[in-house]
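These are my notes from a session spent looking things up in a structure that was new to me. I kept them in the order in which I asked.

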Amino acid sequence: MADGSPDRILRHAAPDRVFHWVTALCVLTLTATGLLPVIGIKFPWILVHWIAGVLLTLAVLFHLFRSLSWRKLCAIWVQRRDLRGEKAGKYTLAQKLMHHAMTVMVLLAVVTGLPMMVRIDTPFWERNPYLFAESTWGVVYVLHGFA
């Protein structure tokens with residue numbers, strides 16, 4: 001119980017709730033800054049986009065550390081009892097599948113977004129568009145767009 005009252009159940013601790021809100025805000029910001037210029041809304045989106053991407057990367061690293069350090073990973077993995085329709089544990093099958101889908105999309109966006117950052121000037125480095133061959137960049141951009 002969150003505050004000792006029997007009508008409140010604490011499903012997630014405060015750090016987990018903060019992580020989920022930061023992730024949601026980053027994903028919405030990245031989606032907006034990635035798509036609005038494509039549909040013709042022009043604004044200086046690159047700075048906001050890469051900063052939101054770095055924040056998302058830091059949030060994911062925090063969540064990975066927290067999840068792998070002292071959390072039970074089995075609570076989120078799909079198990080046989082989920083597939084047999086038995087009583088769910090902390091998470092339902094739908095929640096677990098949504099978590100897995102979001103995990104794949106966010107990790108794919110982070111893994112492809114980080115190398116893309118070398119193609120822009122930042123306060124930390126000068127751009128280097130020649131890190132990969134053009135065909136490799138094509139794959140990176142397609143996977144990033146999919147994510």
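In which helix is the place of T57? I looked it up in what is a predicted model, and found T57 in helix α2.

**Entry on T57.** I next asked whether T57 is buried or exposed. Its relative accessibility is 12%, and since buried means under 20%, T57 counts as buried. Leaving aside residues up to four places away in sequence, I noted that T57 touches V110 and L114. I also looked up the separation of T57 from T23, and found that the two are 34 residues apart in sequence, while their C-alpha atoms are 9.2 Å apart in space.

**Entry on the core.** V110, which T57 touches, turned up again when I looked for the largest nonpolar core, a set of seven residues made up of C26, L30, A52, L56, V60, V106 and V110. I wanted to know which elements give two or more residues to this core, and they are α1, spanning 14-35, α2, spanning 45-70, and α4. The largest share comes from α2, with three residues. I then picked out L30 from the core and listed its neighbours: with residues up to four places away in sequence not counted, L30 touches H49, A52, G53 and L56.

**Entry on α4 and α5.** How do helix α4 and helix α5 pack? I found that α4, residues 93-116, and α5, residues 134-146, pack at an angle of about 140°, and that their axes lie 9 Å apart. That angle makes α4 oblique to α5, and I recorded the crossing of the two as left-handed. On the α4 side the residues that meet α5 are L108, A109, T112, G113, P115 and M116, and on the α5 side they are W137, V140, Y141, L143, H144 and F146. Sorted by kind, the residues of this contact come out as nine nonpolar, three polar and no charged.

**Entry on D16.** I went back to helix α1, where D16 lies, and found D16 buried, because its relative accessible area is 8% and the cut-off for buried is under 20%. For D16 and I39, which are 23 residues apart in sequence, I noted a C-alpha to C-alpha separation of 34 Å.

**Entry on Q79.** My last look-up was Q79, which lies in the loop between α2 and α3, the latter being 80-83. With a relative accessible area of 27%, Q79 is partly exposed. I also noted that Q79 and K96 are 17 residues apart along the chain, and that their C-alpha atoms are separated by 9.9 Å.

Note on methods:
Residues are numbered from 1 along each chain as its sequence is written. This is a predicted model: local features need pLDDT of at least 70, side-chain atom pairs count only at pLDDT 80 or more; totals for chains, interfaces and linings use all residues. Side-chain values use heavy atoms; hydrogens and water are left out. Axes are lines fitted to C-alpha atoms, for helices over the stretch in contact, and angles run from 0 to 180 degrees between N-to-C directions. Helices (H or I, at least four residues) and strands (E, at least two) are DSSP runs, numbered from the N terminus. Angles under 35 degrees count as roughly parallel, over 145 as roughly antiparallel, 65 to 115 as roughly perpendicular and the rest as oblique. A crossing is left-handed if the near helix is turned anticlockwise from the far one by less than a right angle, and right-handed if clockwise. Contact means heavy atoms within 4.5 Å. Ala, Val, Leu, Ile, Met, Phe, Trp, Tyr, Cys and Pro count as nonpolar, Asp, Glu, Lys and Arg as charged, and the others, Gly among them, as polar. A nonpolar core is a set of buried Ala, Val, Leu, Ile, Met, Phe, Trp, Tyr and Cys residues joined through side-chain atoms within 4.5 Å. Buried means under 20% relative accessible area, exposed over 50%, partly exposed in between (1.4 Å probe, protein chains only).
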